[in-house]
Amino acid sequence: MIDGLPRFTSPNGLSVNERIDIKPKHIVIATGSSPQKPAIEGFDGEMLAPDTILNLNECPDSLAVLGATAVGLELAQAFHRLGAAVTVIDPESPLPQEDCECSTLLLDSLKAQGIGFRKARPVRAAKSGDTIEIELDSGAGGLSVGHILAANGSEPAIGDLDLETGGVATQGARVLVDDHQRSSNPKVFAIGEAVGAASIQAANQHAAIVVRNALRNAGAAADSDVVPRVIFTDPEFAHVGLDEARARARHRAIRVLRWPFHENDRARAEGDGAGHVKLVTLADGTIVGAT
């Protein structure tokens, strides 16, 4: 293992910390991502990120979470249960990529637990002592908090790799790869958040594909339809395959089946019967999605 910052010096060469040169047979870009911290007029204080908020020595009295994303909701609930007054701020609908029917159940539960939601965008903020005053657009007023958590997304951490020198094409802020996770440079693969993956489960699938293709030239291909994802809130939200909307767009005829948790033995035993299982099948009963 070499500890350092790599960058491409040629399509088949890397330099680490500008002092160690290597020419590996294969290269895998697995650099992860960096959180995006939106600029808010008037605010020049410290903004927390999902990878730094757990470094706090004590739970804040109040917290504004920018972004109703999966990680935003997970951390919002965690800090609410630790004792913080939490408000989630997002101009868009929460969890837009998830099944609307099921995500509504989750959001209703979080609201009932005491987490606030504002459909707005912070336009100005000012810090005075230990308090941050935030002004929102869309007539949503404002709020006073002790800390701001930026959980509105991240971007691939590939800016220092000098990908152009390595012959690695990008699309937007991510590495462009084919179904085999291979970049425009046939020696270079990329996985996970470096290619825009939205979950650790997708990154794990990418890693398995790269191992098979790089070591065995197996021709393994990614299939997003079989990658599960989980939002670790309470209640949890899990999904695999196509949701109802995508299934209707892809297939002519589908069936939607629901089974309430309150009829499940474990749910009854634990006294927690909220929620349900939702299955999407083809006309012949083949399951194509579950939430």
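**Figure 1. Charges and overall build of the protein.** The protein carries 27 positive and 38 negative charges, and the mean positions of the two sets are 8 Å apart. The model is predicted. Five helices and 21 strands make up its secondary structure. Along the principal axes, the C-alpha atoms fill a box of roughly 60 × 55 × 35 Å. The accessible surface comes to about 16300 Å². Carbon and sulfur atoms account for 50% of that surface. The chain has 291 residues, and 37% of them count as buried. Take the contacts between residues at least 6 apart in sequence: 53% of these join residues at least 24 apart.

**Figure 2. The largest nonpolar core.** This core has 22 residues. Which residues have the most contacts inside it? They are V65, V86 and L149. Four elements each give two or more residues to the core. Two are strands, β6 (62-66) and β7 (85-89). The others are helices, α1 (70-82) and α2 (100-112).

**Figure 3. L149 and its neighbours.** L149 belongs to the residues with the most contacts inside the largest nonpolar core. Residues up to four places away in sequence are not counted here. L149 touches L48, A49, P50 and I53, among others. Its partners also include L63, A64, V65 and L66. L75 is another residue that L149 touches. One of these partners, V65, is itself among the residues with the most contacts in the core.

**Figure 4. A second core.** A separate nonpolar core has 15 residues. Among them are I40, F43, A120 and I134.

**Figure 5. S62 in strand β6.** S62 lies in strand β6. Is S62 buried or exposed? Its relative accessibility is 16%, under the 20% limit, so S62 counts as buried. Neighbours within four places in sequence are left aside for its contacts. S62 is then in contact with A85, S144, V145, G146 and H147. Strand β6 also gives two or more residues to the largest nonpolar core.

**Figure 6. Cysteines without a disulfide.** How many disulfides does the protein have? The count comes to zero. C59 is partly exposed, with a relative accessible area of 28%. C100 is in no disulfide. The nearest cysteine sulfur to that of C100 belongs to C102, and it is 9.4 Å away. A disulfide needs the two sulfur atoms within 2.5 Å, so C100 and C102 do not form one. C100 has a relative accessible area of 57%, over the 50% limit, so it counts as exposed.

**Figure 7. A cis peptide bond at P235.** D234 and P235 are joined by a cis peptide bond. Its omega is about 10°. Where does P235 lie? Its place is in the loop between β17 (229-231) and β18 (237-241).

**Figure 8. L95, a residue with positive phi.** L95 is not a glycine, yet its phi is positive, about 50°. L95 sits in the loop between β7 and α2. At 7% relative accessibility, L95 counts as buried.

**Figure 9. Q181, another residue with positive phi.** Q181 has a positive phi of about 70°, although Q181 is not a glycine. The residue lies in the loop between β15 (174-175) and β16 (188-190). Is Q181 buried or exposed? Its relative accessibility is 4%, so Q181 counts as buried.

**Figure 10. R229 and its contacts.** R229 is found in strand β17. R229 is partly exposed, with a relative accessible area of 27%. What does R229 touch, not counting residues up to four places away in sequence? The list is Q97, E98, S199, Q201, F237, A238 and H239. R229 and A198 are 31 residues apart in sequence. In space, their C-alpha atoms are 8.8 Å apart.

**Figure 11. N17 in a loop.** N17 lies in the loop between β2 (13-16) and β3 (20-22). The residue is partly exposed, at a relative accessible area of 32%. Leaving aside its neighbours within four places in sequence, N17 is in contact with D3, G4 and L5. N17 and A290 are 273 residues apart along the chain. Their C-alpha atoms are separated by 46 Å.

How values were computed
Residues are numbered from 1 along each chain as its sequence is written. This is a predicted model: local features need pLDDT of at least 70, side-chain atom pairs count only at pLDDT 80 or more; totals for chains, interfaces and linings use all residues. Side-chain values use heavy atoms; hydrogens and water are left out. Buried means under 20% relative accessible area, exposed over 50%, partly exposed in between (1.4 Å probe, protein chains only). Contact means heavy atoms within 4.5 Å. Accessible areas come from the Shrake-Rupley method with a 1.4 Å probe; for residues, only the protein chains shown count as cover. Lys and Arg count as positive and Asp and Glu as negative; His and the chain ends are not counted. The place of a charge is taken as NZ of Lys, CZ of Arg, CG of Asp or CD of Glu. A nonpolar core is a set of buried Ala, Val, Leu, Ile, Met, Phe, Trp, Tyr and Cys residues joined through side-chain atoms within 4.5 Å.
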